[in-house]
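Dear colleague,

Please find below the structure I promised to hand over, with its sequence alongside. My notes on what I found in it follow directly after.

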Amino acid sequence: MRMPLVVGNWKMNTNVEQAVGLAKEVSDLTHAIDQVTKVICPPYVSLEPIKKALAGTKLHVGAQNLHPEPSGAFTGEVSVHMLSGLVEFAIVGHSERRNIFGESDDTVASKVIAAAAHKIRPIVCVGESTNQRDSGNAIDLVKQQLFASLNGCQDWTRLIVAYEPLWAIGTDKAASPEIAQEMMGSIRKAIVSKAGSRAGEALTLLYGGSVKSGNARSFFEQQDIDGALVGGSSLSAVEFSEIIKRAEHVD
Ligand code: PGA
């Protein structure tokens, strides 16, 4: 059985003081929940102080991105090597990275490989645009994007994939649980065909896009949805904790 996983993506929000305060609040509100893996992804500058503040708790810390090279002339970047030992998870290929910063599938694939090599579990984001959804071809397009983003990946058993349709991110228009399940069932089947049933069974699949405490459970009840990647709602400790609670005891 896969453990439910709920990840908060704080994006470019909070200064260090606010971040440590929010992390502690989430930790306090969720300390009794041990059947859900709980992760927060704050901005880089807050990783170390949060890691210290959360020592001994079961709230994990992840990065929002990484650079695949260990070091070098890459002004402004943070390398996988620097994050090694500091984070257990890293979001890679978020649609904002792809669309605002021009990350290609090849770049995302190199990050997946680098993360795995440093024992960081990559959370690989994929999802279709409104036009792609309207074309009726969303499932094939997302599968293509996923396999291109996993090119060269060796360890398929520790993969986390987040399906985040672009039209649902930050819009208050979440996908219906049925649409999300249809996509994520297809993704799991495709992984089974490519890498075998063990990889398919181990694959953790998250839905992302306007997840809130009010709709979270309807996603978690779907057969192929193991958790959520939460943006806006993860900036409120109470709301995020409620989402984590909804992931408990789902049959
Ligand atoms: P949202 O963002 O929950 O604010 O829609 C999700 C994401 O970008 O990961």
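His249 sits in the segment that comes after α11 (237–246), and its phi is near 50°, a positive value in a residue other than glycine. Please keep in mind, here and throughout, that this is a predicted model. Is His249 buried or exposed? With a relative accessible area of 61%, His249 counts as exposed, because the cut-off for that class is over 50%.

A positive phi deserves a remark, since most residues other than glycine have a negative phi. Ser210 is another residue that has a positive phi although it is not a glycine, in this case of about 60°. Ser210 belongs to the loop between β7 (204–208) and α10, and with a relative accessibility of 13% it is classed as buried, because that value is under 20%. Lys119, which follows just after α5, also takes a positive phi, of about 60°.

The ligand

Ser210 also brings us to the ligand, since it is among the residues that come nearest to it: of the 13 residues around the ligand, these are Lys11, His94, Glu164, Gly170 and Ser210. By class, the shell is made up of 4 nonpolar, 7 polar and 2 charged residues. Which polar atoms of the protein lie beside oxygen atoms of the ligand? One belongs to the side chain of His94, and it lies 2.7 Å from an oxygen atom of the ligand. A polar side-chain atom of Glu164 likewise lies 2.7 Å from an oxygen atom of the ligand, while in Gly232 it is a polar backbone atom that is 2.8 Å from a ligand oxygen. On its own the ligand has 280 Å² of accessible area, and the protein covers 95% of that.

Helix α5

Helix α5 spans residues 105–117, which makes 13 residues, and it reaches 18 Å from its first C-alpha to its last, close to the 18 Å expected at 1.5 Å a residue. Which of the residues in α5 are buried? They are Val108, Ala109, Lys111, Val112, Ala114 and Ala115, so a lysine is listed there beside valines and alanines, each with a relative accessible area under 20%. The cover over these buried residues includes the helices α3 (80–83), α4 (95–100) and α7 (138–149), together with the strands β4 (89–92) and β5 (121–126).

Helix α8 and the loop after α10

Gln181 is placed in helix α8, and at a relative accessible area of 17% it is buried, because it falls under the 20% limit. Not counting residues up to four places away in sequence, Gln181 touches Gln222, Gln223, Asp224 and Ile225. Gln181 and Ile225 are 44 residues apart in sequence, yet their C-alpha atoms are 6.8 Å apart in space. Gln222, for its part, lies in the loop between α10 (213–220) and β8 (227–230), and with the same neighbours in sequence left out it touches Pro177 as well as Gln181. A polar atom of the Gln222 side chain also lies 3.1 Å from the backbone oxygen of Ser218.

Val192 is found in the same helix, α8, which covers residues 177–195. Its relative accessible area of 32% makes Val192 partly exposed, because that value is between the 20% and 50% limits. Leaving aside neighbours within four places in sequence, Val192 is in contact with Ser197 and Gly200, whereas Leu203, 11 residues apart from Val192 in sequence, is 9.4 Å apart from it in space, C-alpha to C-alpha.

Helix α1

Ser27 lies in helix α1, which runs over residues 16–30, and Leu29 is also placed in α1. Ser27 counts as buried, at 8% relative accessibility, whereas Leu29 is partly exposed, with a relative accessible area of 37%. Leaving aside neighbours within four places in sequence, Ser27 is in contact with Leu54, Thr57 and Leu59, while the contacts of Leu29 are Ala237, Val238, Ser241 and Lys245. The C-alpha atoms of Leu29 and Gly185 are separated by 32 Å, with their positions 156 residues apart along the chain.

With best regards

Technical notes. Residues numbered from 1 in each chain as written. Predicted model: local features only at pLDDT ≥ 70, side-chain atom pairs only at ≥ 80, totals over all residues. Heavy atoms only, no water. Near = heavy atom within 4 Å. Polar contact = N/O pair within 3.5 Å; in protein donor to acceptor, adjacent residues only side chain to side chain. Areas by Shrake-Rupley, 256 points an atom, 1.4 Å probe, with all protein chains shown as cover. Nonpolar A, V, L, I, M, F, W, Y, C, P; charged D, E, K, R; others polar. Helix = DSSP H or I, 4+ residues; strand = E, 2+ residues; numbered from the N terminus. Expected span 1.5 Å × (residues − 1). Buried < 20%, exposed > 50% of the residue type's maximum accessible area, 1.4 Å probe, protein only. Contact = heavy atoms within 4.5 Å.
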